[in-house]
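Me: I should like a close look at a single part of this structure, followed outward to whatever surrounds it. Please give one connected account, in terms suited to a biochemist at the bench.

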Amino acid sequence: MSGAMSWPFLRLYLLVLLYFSANSILNVIIPLQGESLGASNTTIGLIMGAYLFTTMFFRPWAGHIIQKHGPIKILRIILIINGIALILYTFTGLGGYLIARMLQGVSTAFFSMALQIGIIDALSEKDRSQGISLYSLFSYMPGIIGPMLALGIWQEGMDYFTVMMIAIALFTGVFGYSAKMEKDKNQPVVKSNEQGVSTFKSYSQLVKNPFLFKCSVLMLVSSSVFGAITTFIPLYAMQLKNGNAGIYLMLQAGAVVYARFALRKKIPSDGKWHSSFIMGTMFILALAAQSVSFSIMGGAIFFYVGAILMGIAQALLYPTLTTYLTFVLPQMNRNVLLGLFIAMADLGVSLSGVIMGPMADIFSYSFMYMICAILGVAMIFFAYDRRKIFVG
């Protein structure tokens, strides 16, 4: 095994799996616990959204700091912060959940950037898309069993939740401390005093840079749809006959994992904009959201078909856009701009809770998911681009 499948990288992917296993449980437990404590959908959405809103804020800083100090040093500090956040969940209420989500957001900003920058720097261009795809794959693998495990914890009692959070915090910290990443010798060296733009000035590149703008808008809107699904599915499933949130999230995560592995070599890795590929992905996203929306009338079959389609869309979109940007962004400030792009994904998930929560309170979950489908259709048209700077 070589390249993206060599043992050093497999160790990194296993670390990703351990790190994100807590979220697969928290994504189910927090909405259920919030409802049991009398919280509205708006409040639940704010608590869930606080995690990635904080992550979004720190992403660009993470890219800059990691480029300056290296991913390994930052990673070891971040694992301690993550452990504190997970333990905080075990003895606090909704207010403590909000603080813990924000601490998790800070740690995730640096953790994911450290891992992805390390993978990008250590792999050759031909293996880069596989490395990013496998990183994303292992971040979703906990979602296969995590939701069912969370429902079991909820039924048995929160004592099991305490044991699980402490165990995840300890195992992730111990395993992550020995992680190693080495830069590919064929990649150009960028000195710290050659940063292209400052972190603050880089925000303007979200609009000025056409590549970053297009990818960021697609990621922002798509993540809003992904986030709305994750946040409110545990509550929406209760309204459906034969609907089960655990099975839905398991199917969705399973589809992500299968598609990421089976299609990892199909993801473009040539620095060109493939309109048909991305438009097709956005069509799958829109169809998935509409299937979930229609399931309130059509039955559970549409609910679970929507889960599979949503997983496929998630599997394809993020590694495709991220890989494309690694080719077209300027090398001197690539890490900072990649941080901004990933921050748009975080912002989308945060907005899904803040905006879609009140919409579900005012109208219904089904109506809210129909709006998500409409947003997906709009992105099909936005993804089309035949300009020479894009297609090469």
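Reply: Asn242 sits in the loop that runs between α10 and α11 (245-262). The model is a predicted one, and the description that follows is of that model. The backbone at Asn242 has a phi near 65 degrees, a positive value in a residue that is not glycine. Most residues other than glycine have a negative phi. As for the surroundings of the side chain, Asn242 counts as exposed because its relative accessibility is 61%, and the cut-off for that class is over 50%.

One of the two elements that flank this loop, α10, leads to a salt-bridge network. Lys214 belongs to helix α10, which covers residues 210-236. The side chain of Lys214 meets that of Asp385 in a salt bridge, with 3.5 Å from N to O. This pair links distant parts of the chain, for Asp385 lies in the loop between α15 (365-383) and α16 (388-391), 171 residues apart from Lys214. Both Asp385 and Lys214 are buried. For Asp385 the relative accessibility is 7%, so the residue counts as buried, the limit being under 20%.

Asp385 has a further partner. A salt bridge joins Asp385 to Arg387, and here the closest N and O atoms are 2.8 Å apart. Arg387 is partly exposed, with a relative accessible area of 43%. Through shared partners, the salt bridges join Lys214, Asp385 and Arg387 into one network. A search of the whole structure finds two salt bridges. Side chains of opposite charge can pair when their charged atoms come close.

Helix α10 also has a helical neighbour to consider. α10 packs with α13 at an angle of about 150 degrees, their axes being 11 Å apart. An angle over 145 degrees counts as roughly antiparallel, and α10 and α13 are therefore roughly antiparallel to each other. The crossing in which α10 passes α13 is left-handed.

From α13 the path leads to the surface. A nonpolar patch is formed there by Phe294, Ile296, Met297, Ile301, Phe302 and Val305, which together have about 550 Å² of accessible area. At least two residues of this patch come from α12 (275-298), and at least two come from α13 (300-328). Ile301 is one of the patch residues and has its place in helix α13. Because its relative accessibility is 57%, Ile301 counts as exposed. Helix α13 thus appears twice in this account: α13 packs with α10, and α13 supplies residues to the nonpolar patch.

Two other helix pairs may be set beside the pairing of α10 with α13. Helix α1 (residues 7-36) and helix α2 (residues 41-69) have axes that come within 10 Å and cross at roughly 160 degrees. α1 and α2 are therefore roughly antiparallel to each other. In this case α1 passes α2 in a right-handed crossing. The axes of helix α4 (residues 94-122) and helix α14 (residues 334-362) come within 11 Å and cross at roughly 130 degrees. That angle makes α4 oblique to α14. The crossing of α4 past α14 is right-handed.

A few residues in the helices help to set the scale of the model. Arg11 lies in helix α1 and is partly exposed, with a relative accessible area of 22%. The C-alpha atoms of Arg11 and Gln205 are separated by 34 Å, the two residues being 194 residues apart along the chain. Val174 is found in helix α7 (residues 158-177) and counts as exposed, since its relative accessibility is 65%. Between the C-alpha atoms of Val174 and Lys266, which are 92 residues apart along the chain, the separation is 35 Å. Leu103 has its place in helix α4 and counts as partly exposed at 29% relative accessibility. The C-alpha atoms of Leu103 and Gly83, 20 residues apart along the chain, are separated by 9.6 Å.

To return to the starting point, the loop between α10 and α11 holds Asn242, whose phi is positive. Helix α10 carries Lys214, and Lys214 is joined with Asp385 and Arg387 in one network of salt bridges.

Terms used: Residues numbered from 1 in each chain as written. Predicted model: local features only at pLDDT ≥ 70, side-chain atom pairs only at ≥ 80, totals over all residues. Heavy atoms only, no water. Patch = residues over 30% accessible without salt bridge, like charges linked within 9 Å, V, L, I, M, F, W, Y side chains within 5 Å. Areas by Shrake-Rupley, 256 points an atom, 1.4 Å probe, with all protein chains shown as cover. Salt bridge = Lys/Arg side-chain N within 4 Å of Asp/Glu carboxyl O. Helix = DSSP H or I, 4+ residues; strand = E, 2+ residues; numbered from the N terminus. Buried < 20%, exposed > 50% of the residue type's maximum accessible area, 1.4 Å probe, protein only. Axes fitted to C-alpha atoms, helices over the stretch in contact; angles between N-to-C directions. Parallel < 35°, antiparallel > 145°, perpendicular 65-115°, else oblique. Left-handed = near helix turned anticlockwise from the far one by under 90°.
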